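Please look through the sequence and the structure shown here before reading on. The paragraphs that follow go from the whole chain to single residues.

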Amino acid sequence: MRWPLLLAPVLVISGVVAAVVLHRPAPVSAPAAVAPAVTVRAVDAGLSDEEVFAASMARLAEARRRAEAELAAVQDAGPVL
């Protein structure tokens with residue numbers, strides 16, 4: 001058997017194996033632990049959806065009370081001459 005004919009398939013196979021090994025993604029290490037009390041999101045979060053809804057409902061109830069009070073005052077005053 002001739003060596004060059006045997007050497008060519010060995011080189012091709014070793015090249016494919018080297019390409020597969022070198023192109024494999026690196027193992028992902030666990031992310032560093034971050035203290036939850038120091039996160040930026042907790043500081044800049046603002047109001048929650050529930051708090052915004054409760055504030056809106058409180059403003060709506062206050063506006064309704066003022067409108068009813070004004071209507072009662074107008075009705076108690078009687079007709080304007």
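Taken as a whole, the chain exposes about 7,900 Å² of surface, and carbon and sulfur atoms supply 70% of that area. The model is a predicted one, and of the 81 residues in the chain, 0% count as buried, where buried means under 20% relative accessible area.

The secondary structure consists of three helices and zero strands, so that, in the terms used for helices and strands here, the elements read α-α-α from the N terminus on. How far the model can be trusted varies along the chain: the mean pLDDT is 78, and 69% of the residues reach 70 or more. Confidence is lowest in helix 2 (residues 40–44), with a mean of 55, whereas it is highest in helix 3 (residues 49–77), with a mean of 92. Where pLDDT is low, the predicted coordinates should not be read in detail.

Beginning at the N-terminal side, helix 1 covers residues 3–22 and is the place of Val-12. Together with Val-16 and Val-20, Val-12 makes a nonpolar surface patch of about 270 Å². Why does Val-12 count as exposed? The relative accessibility of Val-12 is 55%, and the cut-off for an exposed residue is over 50%, so Val-12 falls on the exposed side.

Helix 3 can be checked by its length, because its 29 residues, at 1.5 Å a residue, should span 42 Å, and the C-alpha atoms at its ends are indeed 42 Å apart, which agrees. Just after helix 3, Gly-78 takes a positive phi of about 85 degrees.

How many salt bridges does a search of the whole structure find? The search finds two, and Glu-62 takes part in a network of salt bridges that links this residue with Arg-65 and Arg-66. In one of these contacts, the side chains of Glu-62 and Arg-65 meet with a distance of 3.0 Å from N to O; the two residues are three apart in helix 3, and therefore about one helical turn separates them. In another, Glu-62 forms a salt bridge with Arg-66, and the closest N and O atoms are 3.6 Å apart; here the residues are four apart in helix 3, which again means a separation of about one helical turn.

The members of this network can also be described by their accessibility. Glu-62 counts as partly exposed because its relative accessibility is 34%, while Arg-65 is partly exposed with a relative accessible area of 47%. Arg-66, at 48% relative accessibility, likewise counts as partly exposed, since the partly exposed range lies between the cut-offs of 20% and 50%.

Terms used:
Residues are numbered from 1 along each chain as its sequence is written. This is a predicted model: local features need pLDDT of at least 70, side-chain atom pairs count only at pLDDT 80 or more; totals for chains, interfaces and linings use all residues. Side-chain values use heavy atoms; hydrogens and water are left out. Patches are made of residues with over 30% relative accessible area and no salt bridge: like charges are joined within 9 Å, nonpolar side chains (Val, Leu, Ile, Met, Phe, Trp, Tyr) within 5 Å. Accessible areas come from the Shrake-Rupley method with a 1.4 Å probe; for residues, only the protein chains shown count as cover. A salt bridge is a side-chain nitrogen of Lys or Arg within 4 Å of a carboxyl oxygen of Asp or Glu. Buried means under 20% relative accessible area, exposed over 50%, partly exposed in between (1.4 Å probe, protein chains only). pLDDT is the predictor's confidence in each residue, from 0 to 100. The expected span of a helix is 1.5 Å times one less than its number of residues.
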